[in-house]
Amino acid sequence: MSTEWRELYDREYPRLLRALVACGGDLDAAEDAAQEAFVRAHREGPEWSTRVARPGAWLLVVATRELFRDRRTRRRTERWPDLDRPAPGSAYDAAIDRADLTTALRQLAPRQRAVVVARFYYGLSYNEIASAFAMTSGTVGATLHQALAKLRQIHVAGKLARGAMQ
């Protein structure tokens with residue numbers, strides 16, 4: 001394995017795995033999809049990373065498609081794990097915020113999750129997302145708008161629920 005390939009893997013794998021867990025909520029499936037994306041990239045040959053403008057984005061698209069294809073074929077009956085919440089104001093506030101975001105993402109439709117992750121985790125443009133997921137740029141915008149509206153509703157509801165529990 002070349003040094004360049006190893007550096008790409010070391011840099012992109014953790015980020016890709018976090019994005020896939022955010023999209024699908026299943027660590028095992030996310031690891032499988034991430035590995036499959038790297039296998040496909042490796043099969044493309046050593047010049048793959050020079051032909052692809054944004055290797056991380058390419059890996060995200062391939063892995064997300066694999067993740068959703070796998071979910072459709074297996075129709076897993078597993079549910080998302082419940083997350084324990086530390087007490088408000090503790091040293092774990094950042095972890096709570098991440099858990100809240102992960103929980104909120106789980107409530108989005110798979111396509112909405114994929115668009116949100118592609119846009120905000122990877123910084124892809126509307127056109128790049130549209131091309132990657134075979135939709136129009138307008139559909140990307142509408143999907144993103146709907147997802148963000150739902151995330152705002154979930155955030156407000158979460159704040160209200162936390163306030164009522166104190």
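# Exercises around helix 1

Setting aside neighbours within four places in sequence, Glu-12 is in contact (heavy atoms within 4.5 Å) with Phe-38, Gly-56, Leu-59 and Tyr-122. This is a predicted model, in which local features need pLDDT of at least 70 and side-chain atom pairs count only at pLDDT 80 or more, while totals for chains, interfaces and linings use all residues. Residues are numbered from 1 along each chain as its sequence is written, and side-chain values use heavy atoms, with hydrogens and water left out.

**Exercise 1. Describe the make-up of the whole chain.**

Step 1: Begin with the elements. The chain has 8 helices and 0 strands, where helices (H or I, at least four residues) and strands (E, at least two) are DSSP runs numbered from the N terminus. Read from the N terminus, the order is α-α-α-α-α-α-α-α.

Step 2: Turn to burial. Of the 166 residues in the chain, 40% are buried; the term means under 20% relative accessible area, with exposed over 50% and partly exposed in between (1.4 Å probe, protein chains only).

Step 3: Look at how contacts span the sequence. Taking contacts between residues at least 6 apart in sequence, 65% join residues at least 24 apart.

**Exercise 2. Follow helix 1 from its length to the residue after it.**

Step 1: Find its length. Helix 1 covers residues 3-24, which is 22 residues, and spans 31 Å from its first C-alpha to its last, close to the expected 32 Å. The expected span is 1.5 Å times one less than the number of residues.

Step 2: Find the kink. Helix 1 has a kink of about 35° at Glu-12, shortly before the proline Pro-14. The bend at a residue is the angle between axes fitted to the seven residues ending there and the seven starting there.

Step 3: Is Glu-12 buried or exposed? Glu-12 counts as buried because its relative accessibility is 8%. Other buried residues of helix 1 include Trp-5, Leu-8, Tyr-13 and Leu-20.

Step 4: Step past the end. Gly-25 follows helix 1 and has a positive phi, near 75°. Gly-25 sits in the loop between helix 1 and helix 2, and counts as buried at 17% relative accessibility. Its C-alpha atom is separated by 9.0 Å from that of Thr-103, 78 residues apart along the chain.

**Exercise 3. Work out how helix 1 and helix 2 meet.**

Step 1: Recall what to look for. Two packed helices are described by the angle between their axes and the distance between the axes.

Step 2: Apply this here. The axes of helix 1 and helix 2 (residues 27-43) come within 9 Å and cross at roughly 145°. Axes are lines fitted to C-alpha atoms, for helices over the stretch in contact, and angles run from 0 to 180 degrees between N-to-C directions.

Step 3: Name the residues. Among them, Trp-5, Tyr-9 and Leu-16 are on the helix 1 side, and Leu-27, Ala-30 and Phe-38 on the helix 2 side.

Step 4: Sort them. The residues of this contact divide into 13 nonpolar, 2 polar and 2 charged. Ala, Val, Leu, Ile, Met, Phe, Trp, Tyr, Cys and Pro count as nonpolar, Asp, Glu, Lys and Arg as charged, and the others, Gly among them, as polar.

Step 5: Look at helix 2 itself. Helix 2 has 17 residues and reaches 24 Å from its first C-alpha to its last, close to the 24 Å expected. Its buried residues include Ala-29, Ala-33 and Phe-38, and just after helix 2, Gly-45 has a positive phi of about 105°.

**Exercise 4. Compare the surroundings of Leu-67 and Ala-134.**

Step 1: Place each residue. Leu-67 belongs to helix 4 (residues 55-74), whereas Ala-134 is in the loop between helix 7 (126-132) and helix 8 (137-165).

Step 2: Check accessibility. With a relative accessible area of 1%, Leu-67 is buried; with 71%, Ala-134 is exposed.

Step 3: Which residues does Leu-67 touch, not counting residues up to four places away in sequence? They are Leu-20, Cys-23, Gly-24, Ala-29, Ala-30 and Ala-33. The C-alpha atoms of Leu-67 and Glu-36, 31 residues apart along the chain, are separated by 9.5 Å.

Step 4: Finish with the backbone of Ala-134. Its phi is near 50°, a positive value in a residue other than glycine.
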